[in-house]
Amino acid sequence: LQTIVETLDKAHRQEDATNLLRTESVSIGEHQTLVDRLIEFGFLDEAEKIASEQRQIKFEEIRYGATRCDPWPDYLKKIADKKQDWATKASIEAAEIFEYPTNKKILALLLTAEKMKVESAVRCSLEIFLQTGKFPAAVQKCLENVKPTEKDCNVWPIPFFVFQPNNQEMCPRFDVLCEWAISENRPNDVVHWFDEFSKQNPKTRVQGKGIGRENVADAIINSHPERAFRFYLDLAEHEMETTRNYPSAIQLLRKARKTFENLGRIADWSKVMMEIRATHRRKPSLMKLLDELEAGSIVNQKRKEK
């Protein structure tokens, strides 16, 4: 079928090729090929109708235990974006967050919500959801087949897009809140949410989730240099002692030194280096890299003094 379509396209018979796909793709299960074609040539309403129907079929399969792989929400988002139907796009993006929250998904929804002029309300509700694991009232009522009140819809002004709640992901997601704060350059919130995550019982966390401590340190190096220094030094020690990844350790130590510069304590850096050398003195490869690090630091300091 694809070969015939390509041949018709080369002959400038795009309409015939599209009609052929309309006729044949359904019978052989090539719905995605047809929807791709319809989107490409601007038949957005038709594409949306087919994508919605296929999404409903896939959703029922997922509900009864089939694989959770579902390409149709992405198609519906793409169509909504082309139609500038921000409410529909936001509803799908929100459902994806409620199923499995990530920072990337949150930032995408906020961009769409901004186009709807409801970014503030959505931001507030998402923060509560990530802190508590509880859906906004409007969403919860829709899941229970109860009509939300006007107040519910003002708090959560995004239309409902049916999804399958994943109870394993509903615990507080301080890791996502921390990543969100990092991406928006909110260092005080980064520290707060990292501390909340650290206090959380590992048994209640989403399995396999964590926060990259180097990313946290990078985000707070100017605002909280002492905390950043401890992160860098602990990570560098792990690389030197456990993984023996010395180049990585040197990169971390270079960042740690910058925290001392921010604190105006560059003179104390030599004490730190002496302790590291004493601890790892039997590692000649590391000692050589430390020599190069210190030599480079001296050169940079002289340049700054000039």
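Helices here are DSSP runs of at least four residues coded H or I, numbered from the N terminus, and with that naming in hand the tour can begin at serine 25, which lies in the loop between α2 (14–24) and α3 (31–40). Please keep in mind throughout that this is a predicted model.

**Serine 25 and leucine 20**

Select serine 25 and show what surrounds it. Its relative accessibility is 0%, and because buried means under 20% relative accessible area, serine 25 counts as buried. Leaving aside residues up to four places away in sequence, serine 25 touches Leu1, Leu20, Glu30, His31 and Leu34.

Next select leucine 20, which belongs to helix α2. At 21% relative accessibility, leucine 20 counts as partly exposed. Beyond residues up to four places away in sequence, the contacts of leucine 20 are Leu1, Ile4, Val5, Leu8 and Ser25. If you draw a distance from the C-alpha atom of leucine 20 to that of alanine 95, which is 75 residues apart from it along the chain, the separation is 34 Å.

**The whole chain**

Zoom out and switch to a cartoon view, in which the protein has 17 helices and zero strands. Its radius of gyration is 27 Å, well over the 19 Å that the globule rule gives for 306 residues, so the protein is more spread out than a compact globule. Taken along the principal axes, the C-alpha atoms fill a box of roughly 75 × 55 × 40 Å. Of the 306 residues, 39% are buried, while the protein exposes about 17400 Å², with carbon and sulfur atoms supplying 51% of that area. Among contacts between residues at least 6 apart in sequence, 56% join residues at least 24 apart.

**The cavity and tryptophan 156**

How many cavities of 30 Å³ or more does the structure hold? There is one, and the largest cavity contains about 50 Å³ of space. To find it, select Ser91, Ala94, Ala95, Phe98, Val139, Trp156, Ile158, Pro159, Phe160, Phe161 and Phe163, which line the largest cavity. Helix α6 (residues 86–99) gives the most to this lining, with four residues. Sorted by class, the lining has ten nonpolar residues, one polar residue and no charged residues.

From that lining, pick out tryptophan 156, which is found in the loop between α10 (150–155) and α11. Is tryptophan 156 buried or exposed? At 2% relative accessibility, tryptophan 156 counts as buried. Residues up to four places away in sequence aside, tryptophan 156 touches Ala94, Phe98, Leu109, Val122, Ser125, Leu126, Pro136, Ala138 and Val139. Of these contacts, Ala94, Phe98 and Val139 are also named among the residues that line the largest cavity. Tryptophan 156 and serine 125 are 31 residues apart in sequence, and their C-alpha atoms lie 6.7 Å apart in space.

**Tryptophan 193**

Move along the chain to tryptophan 193, found in helix α12 (residues 187–199). Tryptophan 193 counts as buried, at 11% relative accessibility. Not counting residues up to four places away in sequence, tryptophan 193 touches Gln131, Phe174, Leu177 and Cys178. Its C-alpha atom is separated by 7.2 Å from that of aspartate 175, which is 18 residues apart from it along the chain.

**Two loop residues with positive phi**

Most residues other than glycine have a negative phi, and the next two stops do not follow that pattern. Histidine 12 has a phi near 60 degrees, a positive value in a residue other than glycine. Histidine 12 lies in the loop between α1 (2–10) and α2, where it is exposed, with a relative accessible area of 67%.

Now select asparagine 185, which has a positive phi of about 55 degrees although it is not a glycine. The place of asparagine 185 is in the loop between α11 (174–183) and α12, and at 61% relative accessibility asparagine 185 counts as exposed.

**Lysine 283**

Finish at lysine 283, in the loop between α16 (269–279) and α17 (284–305). Lysine 283 is buried, with a relative accessible area of 11%. What does lysine 283 touch, not counting residues up to four places away in sequence? Display Met240, Glu241, Arg244 and Tyr246 to see these contacts of lysine 283.

Terms used. Residues are numbered from 1 along each chain as its sequence is written. This is a predicted model: local features need pLDDT of at least 70, side-chain atom pairs count only at pLDDT 80 or more; totals for chains, interfaces and linings use all residues. Side-chain values use heavy atoms; hydrogens and water are left out. Buried means under 20% relative accessible area, exposed over 50%, partly exposed in between (1.4 Å probe, protein chains only). Contact means heavy atoms within 4.5 Å. On a 1 Å grid over the protein atoms alone, a cavity is a set of points where a 1.4 Å probe fits but cannot get out, and a pocket is an open set with protein on both sides within 12 Å along at least five of seven lines; lining residues have an atom within 4 Å of a point. Grid points are joined across faces, edges and corners, and a volume is the space filled by probe spheres set on the points. Ala, Val, Leu, Ile, Met, Phe, Trp, Tyr, Cys and Pro count as nonpolar, Asp, Glu, Lys and Arg as charged, and the others, Gly among them, as polar. The radius of gyration is taken over C-alpha atoms; the globule rule is 2.2 Å times the number of residues to the power 0.38. Accessible areas come from the Shrake-Rupley method with a 1.4 Å probe; for residues, only the protein chains shown count as cover.
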